[in-house]
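Reader: I should like to learn how to read the empty spaces, strands and cores of a protein model. May we work through one example together?

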Amino acid sequence: MNKRRSIPGIHPYDGPAGGWGALKATAIAVRSQMDIVTGPKTLLRTNQPDGFDCPGCAWPDKNHHSTFQFCENGAKAVTWEATSKRVTTEFLAANTVTALLEKSDYELEGYGRLTCPLAYDPQTDTLQEVSWEQAMTTIGDTLQKLDPSQVEFYTSGRTSNEAAWLFQLFAREYGTNNFPDCSNMCHEATSVGLPQSIGIGKGTVSLDDFDHAQLVISIGHNPGTNHPRMMGTLHELSRKNVPIIVFNPLRERALERFADPQNAVEMATYSSTEIASSYYQVRAGGDAAALKGIAKALLEREDNGETCLDHEFIETHTLGFAAFCDDIAATPWQEIETESGLSRGSLDAVAELYIKSEATIITYGMGITQHNKGTENVRLIADLLLMRGNIGKLGAGICPLRGHSNVQGNRTVGITEKPSADFLSRLEKEFGFTPPAEHGHDAVKAMEAMVAGSAKALLCLGGNFAVAMPDPRAGYPAMKALDLSVHVATKLNRSHLLVARQTIILPCLGRTELDVQASGRQSVTVEDSMSMVHASSGKLKPASPELRSEPAIVAAMAKSTLPNTRVDWDALVADYDRIRDLIEKTVPGFDDYNQRIRQPGGFRMPLPATERRWSTPSGKAEFSVFRGVHEDQRGEGEGVVRLITLRSHDQYNTTIYALDDRYRGVFGRRDILFMHDDDLTQLGLEHGDVVDIETALPGSDRRLEGITVVAYPIARGTVASYYPEANVLVPLDYNDPQSGTPSYKSVPVRVVLRSHEVSAIGSVA
C-alpha cells in the first residue's frame with residue numbers, strides 16, 4: 001500500500017481498550033474537572049450500596065461490593081457532573097444567546113454547572129436570573145392557557161423513577177399522554193418488538209447468566225465506549241474460553257482486545273485479553289440478512305439429519321414456527337450474502353458454534369434498533385434464540401443494552417405515550433381524576449407537531465432534545481417558534497439556547513449531590529438493563545444553594561399549573577418513600593418497594609419470560625416473519641453508501657467530554673468520515689480528502705460539508721460519522737414505522753469531493 005498522506009489529528013492508537021490508557025484518561029478527567037482530593041473520594045462512592053448510581057450507563061453492578069465499580073467513561077460522567085466549574089450570572093450577562101449558539105456542544109457544557117433559575121430576555125438576548133417563584137408563575141400561567149394536547153413532556157434516561165413517576169402524574173392530571181422520551185431514539189424497537197415475541201419489552205438475562213453462558217453473540221454495539229462496565233464481564237468470559245462472536249460494521253478496539261485495570265498482571269505486563277473469538281463486519285442495514293443466514297444454516301443442517309433445534313420447546317412454548325421456516329427457506333443465499341456483506345461459509349460457522357452451545361446469550365445495541373426495520377431486527381434475534389430454546393434457561397437469553405442509567409426505569413413507571421388501561425385505572429382509583437386514554441406523541445411525533453405548529457410548549461426533564469433528534473434543519477426553527485420551553489438541567493446545552501417566546505431553565509441536583517427534604521436525606525431509585533432496581537444517594541454538597549431536586553421541581557410545576565390538583569405534592573416531596581408507596585400501588589412489580597431498595601443491590605422486577613410464561617395474546621412466544629432481506633431500498637443506486645452515526649470515546653449521548661476518539665485514532669477533531677479503502681478507490685477518493693456528504697433519499701437536499709475522509713477497517717458500502725453532527729443528514733420521517741425510532745444507523749448517502757478544502761464542520765443554527 002502506498003504511504004498515506006498525513007492528516008492533522010489522525011494517527012493510530014495501538015493500545016488495548018482499558019489498561020493504562022483508561023487510567024490516564026480517568027486521571028485527566030478528575031484533574032480537569034474536580035478538586036484532586038475530593039475527586040477520587042467521589043469516584044469511590046460510585047455504584048456502592050450507600051453511594052450514588054453512576055449516570056454513565058445501565059450495565060448492572062456485580063454484588064455491590066467490589067473494590068471499585070467505576071470505569072473510564074463512568075468517571076468522566078461523574079466528574080463532568082461534579083465539576084467545580086460554574087455558569088455564573090455574570091458570564092451569561094456578558095454572552096448573548098446568539099453568541100453562545102456559535103459555540104460547540106463541547107464548549108457549552110464545559111462552562112460548568114448551572115447555579116440559579118434562568119429566563120430568556122429577548123431585549124438583551126441573554127439568559128437572566130429569575131426567582132423560583134417567577135419561573136413557576138410563568139410556567140403555570142402559560143400552561144393553563146394551552147390545550148394539554150399542545151404540550152410535550154420529555155424525559156431523559158438520567159431521570160430517577162421517583163421524578164419520572166411524578167412527571168407522568170403531572171402530565172396526566174393536566175390531561176395529556178404526550179411523552180416523547182429518550183428511549184424513543186434508542187431502544188423503542190425493543191420495547192415494541194419484544195412484547196410481540198416474548199410478552200415483555202425487556203431483556204431476559206441477569207448478570208449471573210453470563211457466568212453460565214457457553215456462547216455470547218454480540219451484535220451492533222461498542223461496549224468499550226457505550227456500556228464500558230460490560231467489558232469486565234466480556235473479559236472474564238474470554239479468559240474462560242467462552243466464544244464471543246461479534247457482528248459489527250467497524251472494528252472496535254474494545255471488542256478486539258481489552259486490558260482490565262483491575263487485573264494486576266495485565267497492568268504490570270502491559271498485556272491484554274482478546275475479546276472476540278470471531279469478528280464479522282456486517283454491512284450497515286445487513287443485520288437482518290445475517291440473522292436470517294444463521295437461521296437458514298440451522299434449518300438446512302436440520303434437514304440434513306443434524307439435531308439443531310429444540311423441538312420440544314418450539315412445540316410447547318411457541319407459535320408461528322412453520323411460517324418462519326417457510327420464509328427462511330424462500331430467502332436465497334445470494335441475497336443474504338449480498339445484503340449482509342458476509343459469506344455463506346461465515347454464517348454457517350456461526351450456526352455450528354450456536355448448535356454446540358447449550359446456553360447462548362445474544363447482546364445487542366442501537367446498531368440493531370436504529371433502523372427502518374429496527375423492530376423486525378429485534379424480533380429476528382428473538383426468533384434465533386427461540387429456535388434452540390434459549391429463553392427462560394440458565395446462561396441464555398436476550399440482552400438489549402440500554403444507554404442511560406434509568407432509561408428502562410422511566411418506561412417501567414409510566415413514561416409512555418401508550419399507557420395501558422390497567423395503569424390508567426390504578427391512577428384514577430388512587431387520585432380520583434380520569435387520566436386521558438388516547439395515545440400521545442413519541443419523540444418523532446412531538447417534533448413533527450412542533451414543526452407543524454400544533455405543539456406550543458415543551459417541558460424537558462433533562463436531556464438535549466433538539467440536538468439528539470434527527471433533522472435539526474427542521475427541528476431547530478420549530479423549537480424557537482414555541483410559546484414556552486422549560487428545561488430541567490445541570491448544565492447548559494444547545495437545546496436551551498433555541499429559545500422560545502418564553503424559555504425557562506431550572507437547575508437541578510445531580511446524581512452525586514446530597515438531596516435533603518423535610519424528612520431528611522433522600523434516595524432515588526433506578527432500573528438497570530437487567531431489570532434490577534436499586535437505590536442511589538448522593539453525598540456531595542450541591543453546586544449551588546439554589547438547586548432543587550427533580551422531584552421538587554416537577555411538584556412545583558404541577559402545583560403552579562393545576563390549581564385544583566388532587567395530589568398532595570408537598571407531602572410527596574417531603575419524603576420520597578411516599579412516592580415509592582404510590583408507585584407500588586400503581587405499577588405492578590414494586591411490592592415492598594421501600595423495604596427491598598434498602599437491601600444492597602436492590603431487587604429484580606418480574607420477568608415472566610424468564611420462567612417461560614409468555615404475556616402475549618396467544619400465551620406463547622411467537623416467531624416472526626421478516627420479508628426478504630432488505631431494510632429499505634429507498635435511495636439505493638450507483639455511488640450510494642450507507643451512513644452510520646456513532647459516538648466518540650470521549651462522548652456520552654450528546655455530551656462531548658473532549659474532542660478525542662482514542663481507540664479510533666482521532667484526536668482533537670470530530671469532522672471525520674470513516675470509509676473502507678476499497679470504497680475510497682471506487683469513489684475516486686483518497687485518505688485525507690475533504691468531502692461533502694449528501695443524503696441520497698429521493699427529494700432530499702440535506703448536506704454536511706467539509707468532512708475529512710479517513711480510511712478505516714469498516715464494512716464495504718458502509719461509512720460512519722459522528723453523532724450529533726451528522727444528524728443533519730437524517731430526515732425526521734426516516735424511521736421505523738412500528739416504533740418510531742429514527743434510522744441513525746443506515747442512511748443512504750453520497751460522498752462528494754469538495755473543490756477546495758474546508759477545515760470546519762458544517763453547522764446548523
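**Reading spaces, strands and cores**

Author: Let us begin with an enclosed space: in this predicted model, the second largest cavity has a volume of about 210 Å³.

Reader: How is such empty space located, and how many cavities of 30 Å³ or more does a search of the whole structure find?

Author: Rolling a probe the size of a water molecule over the atoms shows where empty space is left. Here the search returns 5 cavities of 30 Å³ or more.

Reader: Which residues lie nearest the centre of the second largest cavity, and how does its lining divide by class?

Author: Of the 17 lining residues, Leu509, Gly510, Arg511, Asp515 and Val524 lie nearest the centre of this cavity. By class, its lining comprises 9 polar, 5 charged and 3 nonpolar residues.

Reader: What should one examine in the largest pocket, and which helix gives the most to its lining?

Author: One may take volume, lining and class in turn. The largest pocket holds about 1000 Å³ of space. Its lining has 33 residues, with Ile200, Gly201, Lys202, Arg411 and Thr412 nearest the centre. Helix α9 gives the most, with 5 residues; α9 (188-198), α22 (407-412) and α23 (421-431) each supply at least two. The lining has 13 nonpolar, 13 polar and 7 charged residues.

Reader: Turning to strands, is β21 largely enclosed or open, and why?

Author: Strand β21 (residues 532-536) is largely enclosed by the rest of the structure, because 4 of its 5 residues are buried, buried meaning under 20% relative accessible area.

Reader: Which strands pair with β21, and in what sense?

Author: Strand β20 (residues 524-527) pairs with β21 in the antiparallel sense over 4 bridges, and valine 526 stands opposite histidine 534. The hairpin of β20 and β21 has 4 residues between the strands, and in it serine 531 takes a positive phi near 70 degrees. Strand β22 (residues 603-604) also runs antiparallel to β21, joined by 2 bridges; there methionine 532 stands opposite arginine 604.

Reader: Which residues have the most contacts inside the largest nonpolar core?

Author: They are Leu127, Met450, Phe465 and Leu673, in a core of 66 residues. Helix α24 (residues 443-452) gives the most to this core, with 5 residues. A second, separate core has 61 residues, including Met136, Val151, Cys508 and Ile579.

Reader: Which residues is leucine 127 in contact with, leaving aside its neighbours within four places in sequence?

Author: Leucine 127 is then in contact with Leu92, Val97, Leu118, Ala119, Tyr120, Leu492, Leu497 and Ile505.

Conventions:
Residues are numbered from 1 along each chain as its sequence is written. This is a predicted model: local features need pLDDT of at least 70, side-chain atom pairs count only at pLDDT 80 or more; totals for chains, interfaces and linings use all residues. Side-chain values use heavy atoms; hydrogens and water are left out. On a 1 Å grid over the protein atoms alone, a cavity is a set of points where a 1.4 Å probe fits but cannot get out, and a pocket is an open set with protein on both sides within 12 Å along at least five of seven lines; lining residues have an atom within 4 Å of a point. Grid points are joined across faces, edges and corners, and a volume is the space filled by probe spheres set on the points. Ala, Val, Leu, Ile, Met, Phe, Trp, Tyr, Cys and Pro count as nonpolar, Asp, Glu, Lys and Arg as charged, and the others, Gly among them, as polar. Buried means under 20% relative accessible area, exposed over 50%, partly exposed in between (1.4 Å probe, protein chains only). Two strands pair if DSSP finds at least two bridges between them. A nonpolar core is a set of buried Ala, Val, Leu, Ile, Met, Phe, Trp, Tyr and Cys residues joined through side-chain atoms within 4.5 Å. Contact means heavy atoms within 4.5 Å.
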